[in-house]
Amino acid sequence: MSKQWDNNQDHHSFANVDNVRVTHLDLELSVQFEQKQLLGKVDLQLNYLDPQCRELYLDCRSLTIESIVDDVGQALAFSVDQQDPILGERLNISLLSATKQVSISYRTSADAQGLQWLTPQQTSGKQLPFLFSQSQPINARSWIPLQDSPKARITFSASVEVPKGMRAVMSAMNDASTPLDGKFIFEMEKPIPTHLLAIAVGDLQFGAIGPRTGVYAEPEVLSAAVKEFEDTERMVEIAESLLGPYPWGRYDMIVLPPSFPFGGMENPRLAFMTPTLIAGDKSLVSTVAHELAHSWTGNLVSNATWRDLWLNEGFTTYFTNRIVEAVFGKEQAQLEVVLEYGRLKEELASMPLAVQTLPANVQAGDPNDAFNRFTYDKASMFVHDLEKRLGRKSFDKFLYQYVSHFAFEAITTETFVDYAKQTLLVEHGDKISEQVLQEWVYGRGMPYWFTPPSSDSLDKVDALLTDWQAGGKIDKQNTQDWRVHHWQYFLGCLPESISQQTLMQLDEVFDFTHSTNAEIACDWYRVAIRNHYDPVLPALEQYLVKIGRGKFVRPLFTELQLAGYHTELAAIYAKARGGYHPSLAVQLDKQFAG
């Protein structure tokens, strides 16, 4: 019999948030590039939910705690009394009476999982080092001692010292006119989950896009980024028309070095972006729309635990598609949903049925495992199904009211289901039943009534594939108007087994091996590896050494492993690992190191 979990408890935090809650952080950081560490002091303001509580439990990971005092400077006793390979350590602080504030002086470790330190050679400019964080899901605790749970939303202020000539930015209000004299001040006055705490330091310049949108990047990357992301202001306006006024003031982005492990990260007021989005033709900027959409679904309404991640990612993936449709047209929106389902189909066929639900059953495991195609794409298909059942006008009204109702709150799956019962099932009981709701949320696999999405735009790809597989020759002229999505679909539809001669012919016609589009290159390399098409190996090595985005890196190493390229895998991984973000390297080590 499976273990029964308390679905309200955050199983990935030691913090006693139901007894005493940190409401505000006042942070002082000194960035030490030579030592690869932050020297920090953090003041935690406390709110007692249990007036009798006299212990504060915080989350840490590999932090050196130097001293802890209360608001009058009196030393507080503390100990690190629990350790866990996934969760890190529990810092147990003894409180004197109802202490209102706790001040902690500390140092991070050089291998903090939430921080990546890059040498000048690893940057575009090659002159200055670079630092950036990745706190999601539970890595904020590796650079700040805190209650690292999405249940415990906080406001924060920060003072950051960096070497002169460098710029610091955070998930707060950033001022591009701040002089580069080594001191930066930040304020986030709206409560955010701790996994949205973010910092970056480097040779950064700013390019404006609109009155409340812009992008930070290294000088060598900036103009290309501004051009690629020039539709961002329009995206904000479209998002507002659906879900109400943008709640964070500014929507700025930062393009990080290629080792950033994600496509994007929705840190409020400063979304982190991978440079692999800069394809030159705006074909991959739906990631910008995705991180923007999180401003409402994820940042404004948050998951209470990592089991509830689908509430962030499913609604955001759907909402992204609506923005893409409004900015780039219905054809591109349909293509993206079809590709989304293609990704989901892979995991439906390969993952155990028990994990194929919307809630990610990771309570006893690593919260990184929650980031799968079920919490993103199955959840998105659920939201698309709701829209189809209710009609767009009625569904938009529900979505708007849902976001308004839970603004600045962290909710569980069960909170959403109860809300849906009180709203959807009451107002639209003729279109959706409780059985349908329960089957989507808790059912395994896809509901029996689900119809996969389609796009007429893919007919030309299907026709070419059919003709080619019947012995016809591929004419490059017939692919002149294809978008990236058509190519991804084409590569995804290729047979599992393909002859060397056929792969060589495809490569000669389209030069997939040297594609400058990271998505197309990754899909081609997967096809090539599983068919032992060795001419790709030099380009594949360059790709894996240069790019640290988990979406690409993990499946490519997996393909190498499955295809028996054990020597090549070990050599490439040894060469590439030092350039990967520590949070990704720790995960990859479990599968590929040694």
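**Entry 1: a sheet**

In what order do the strands of the open sheet of five strands come? I opened my notebook with that one, and I remind myself at once that this is a predicted model. The order I found is 14-15-16-18-17, and the pairing is mixed. I then looked up the edges: strand 14 (205-210) and strand 17 (264-265) each pair on one side only.

Next I picked out one pair within this sheet. Strand 15, residues 213-217, runs parallel to strand 16, residues 251-255, and I noted four bridges between them. To have a place to point at on screen, I looked for the bridge partner of Y216 and found I254 in strand 16. A general reminder for my own reading: in a regular strand, side chains alternate between the two faces of the sheet.

**Entry 2: a hairpin**

I moved to an earlier stretch of the chain. Strand 5 (residues 78-84) and strand 6 (residues 88-94) are antiparallel, and six bridges join them. How many residues does the hairpin use to join strand 5 to strand 6? I noted three. A handy landmark here is V80, which stands opposite L91 in strand 6.

**Entry 3: the domains**

I stepped back to see how the protein is divided. I wrote down domain 1 as 10-201, domain 2 as 204-299, domain 3 as 305-442 and domain 4 as 494-593.

Domain 2 and domain 3 caught my eye, and I looked up the distance between their C-alpha centres, which is 23 Å. Their contact involves 22 residues of domain 2 and 21 residues of domain 3. Between them, about 1900 Å² is buried, and carbon and sulfur atoms account for 73% of that area.

What holds polar company across this interface? I found six residue pairs in polar contact between domain 2 and domain 3, while the count of salt bridges there is zero.

Which elements give two or more residues to the side of domain 2 that touches domain 3? My note names helix 2 (232-243) and helix 3 (286-293). Helix 2 gives the most, with six residues. I also sorted the residues on this side of domain 2: 11 are nonpolar, seven are polar and four are charged.

**Entry 4: following N368**

I chose one residue to follow. N368 sits in the loop between helix 5 (330-350) and helix 6 (373-390). Which residues does N368 contact, once its neighbours within four places in sequence are left aside? I found P137 and Q587. With Q587 there is a polar contact from side chain to side chain, at 3.3 Å. I also checked N368 against I199: they are 169 residues apart along the chain, and their C-alpha atoms are 20 Å apart.

P137 led me on to another loop, the one between strand 9 (130-133) and strand 10 (154-161). Is the peptide bond from Q136 to P137 cis or trans? I read it as cis, with omega near -5 degrees.

**Entry 5: one more backbone angle**

My last stop was K126, in the loop between strand 8 (115-118) and strand 9. Its phi is near 65 degrees, and I marked this as a positive value in a residue other than glycine.

How values were computed:
Residues numbered from 1 in each chain as written. Predicted model: local features only at pLDDT ≥ 70, side-chain atom pairs only at ≥ 80, totals over all residues. Heavy atoms only, no water. Domains from an automatic or database assignment. Contact = heavy atoms within 4.5 Å. Buried area = accessible area lost by both parts, 1.4 Å probe. Salt bridge = Lys/Arg side-chain N within 4 Å of Asp/Glu carboxyl O. Polar contact = N/O pair within 3.5 Å; in protein donor to acceptor, adjacent residues only side chain to side chain. Nonpolar A, V, L, I, M, F, W, Y, C, P; charged D, E, K, R; others polar. Pairing = 2+ DSSP bridges.
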